[in-house]
Amino acid sequence: MSLASARAVPPYHGFARIYDAVTGDAMLPAIWRAFRRACRHYRIRFSNAADLGCGTGAFLACLARADRRLYGVDRSPAMLALARQRLAGLGVTLLHQDLADLRLPEPVTLITCNGATLNYASSLAGLGRIFRRVHQNTAFGGWLIFDMILGNGRPARNGHRVQRISLPGTSARWSIRIDPSGRGSVVDMTTAGLRADGSWDVVRETHRQRWFLGDEIAGLLRKQRWTVLGTSKLDGGVRSQGSGGWQQFVAKRD
Ligand SMILES: C[S@@+](CC[C@H](N)C(=O)[O-])C[C@H]1O[C@@H](n2cnc3c(N)ncnc32)[C@H](O)[C@@H]1O
């Protein structure tokens with residue numbers, strides 16, 4: 001099997017099959033702990049909620065209860081397919097949308113966005129647009145809880161490393177670089193997955209993440225009529241060379 005013959009696919013198309021094993025399962029405990037802490041601290045109660053960039057649906061599975069209407073939004077069909085399997089019978093509505101054009105079936109009391117999903121916004125303007133759409137889809141007085149990897153104010157030096165991953169039925173090679181601006185990462189992933197007929201499906205996808213400063217994010221939130229109530233460091237799971245750490249934000253809709 002040659003990784004050189006890989007066909008280009010959108011982000012998460014190939015990664016989806018190993019996402020939980022490689023990343024998702026490691027991040028979830030820290031995300032869930034921080035979420036529960038925020039709910040206790042700010043006395044957050046909700047009967048409807050949306051999880052943006054829901055991925056394989058693990059966080060929604062934790063939220064699911066018979067008396068809640070829940071929505072999961074993601075732009076990756078491969079991730080949504082896994083979420084659909086995991087959430088079958090739990091009454092969660094999954095929506096294939098880009099966050100820049102978010103349109104929920106109803107305004108919700110709580111919006112979450114976990115696992116550094118918003119680091120995929122490529123510019124401050126793009127991130128601002130998402131905050132605006134989130135505001136438009138949240139009920140008055142509603143809550144926004146999300147986490148991001150922050151920049152530390154200094155451009156990171158241009159390093160390069162390669163990571164190889166080998167799991168039953170899948171092997172992957174990640175080429176990880178700092179982006180030329182020094183304020184984000186670029187990961188080229190080549191994933192080989194074993195098909196049912198014994199042949200290999202080899203795909204290549206690029207993940208670009210941008211690290212914004214905490215003050216830039218707070219400024220954008222205020223501009224889009226969110227009051228930032230608090231931020232706190234998340235621990236474990238996410239490590240990114242040259243970034244300023246992994247942070248949770250809790251905001252309330254004006
Ligand atoms: C790092 S994963 C996080 C998944 C999940 N929230 C978790 O914590 O494990 C990022 C997810 O966000 C989705 N995503 C990234 N940018 C998006 C966008 N602009 N619109 C919709 N989904 C997006 C990706 O497809 C992927 O499923």
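Which residues does A50 touch, if we leave out those up to four places away in sequence? Please keep that question in mind while I introduce the structure, which is a predicted model, and then we can answer it together.

Let me start with the overall layout. The domain assignment of the protein gives two parts, with domain 1 covering 3-9 and 154-209, and domain 2 covering 16-152 and 212-253. The C-alpha centres of these two domains are 24 Å apart, and the contact between them draws on 14 residues from domain 1 and 14 residues from domain 2. On the side of domain 1 that touches domain 2, the elements giving two or more residues are the strands β7 (160-167), β8 (170-178), β9 (184-194) and β10 (200-210), and of these β8 gives the most, with three residues. If we sort that side of domain 1 by class, we find five nonpolar, five polar and four charged residues.

Now back to A50. Leaving out its sequence neighbours up to four places away, A50 touches Y71, V73, L104, V108 and I111. A50 also belongs to the largest nonpolar core, which has 61 residues, and within that core A50, I111, L144 and M148 touch the most other members. The largest share of this core, eight residues, is supplied by α1. As general background for those of you new to this, nonpolar side chains in soluble globular proteins tend to be buried together.

That brings us to α1 itself, the helix of residues 16-41. The buried residues in α1 are A16, R17, I18, Y19, G24, M27, A30, I31, A34 and F35, and when you look at how they are spaced, it helps to remember that an α-helix has 3.6 residues a turn, so residues three or four places apart point the same way. The helix α1 is not straight, since it bends by about 55 degrees at G24.

Helix α1 also matters when we turn to the ligand, because it gives three residues to the surrounding shell, the largest share of any element. There are 20 residues around the ligand, and G53, G55, R75, S76 and G115 come nearest. By class, the shell divides into 10 nonpolar, seven polar and three charged residues.

Let us look more carefully at one of these, G55, which is found in the loop between β2 (48-52) and α2 (58-63). Is G55 buried or exposed? G55 is buried, because 25 other C-beta atoms lie within 10 Å, and the cut-off for calling a residue buried is 20 or more. Beyond its close sequence neighbours, G55 touches Y19, G24, D74, M79, A83 and G115, so please notice that G24, where α1 bends, is among its contacts. For a sense of distance, G55 and R161 are 106 residues apart in sequence and 26 Å apart in space, C-alpha to C-alpha.

I will finish with two backbone details. Most residues other than glycine have a negative phi. R43, in the loop between α1 and β2, has a positive phi of about 50 degrees although it is not a glycine, and R43 is exposed, with 6 other C-beta atoms within 10 Å. The second case is R225, in the loop between α5 (214-223) and β11 (226-233), where phi is near 65 degrees, and R225 is exposed, with 12 other C-beta atoms within 10 Å.

Note on methods
Residues are numbered from 1 along each chain as its sequence is written. This is a predicted model: local features need pLDDT of at least 70, side-chain atom pairs count only at pLDDT 80 or more; totals for chains, interfaces and linings use all residues. A residue is near a molecule or strand if its C-beta atom, placed from the backbone, lies within 6 Å of it. Helices (H or I, at least four residues) and strands (E, at least two) are DSSP runs, numbered from the N terminus. Ala, Val, Leu, Ile, Met, Phe, Trp, Tyr, Cys and Pro count as nonpolar, Asp, Glu, Lys and Arg as charged, and the others, Gly among them, as polar. Domain bounds come from an automatic or database domain assignment. Two residues are in contact if their C-beta atoms, placed from the backbone, lie within 7 Å. A nonpolar core is a set of buried Ala, Val, Leu, Ile, Met, Phe, Trp, Tyr and Cys residues joined through C-beta atoms within 7 Å. The bend at a residue is the angle between axes fitted to the seven residues ending there and the seven starting there.
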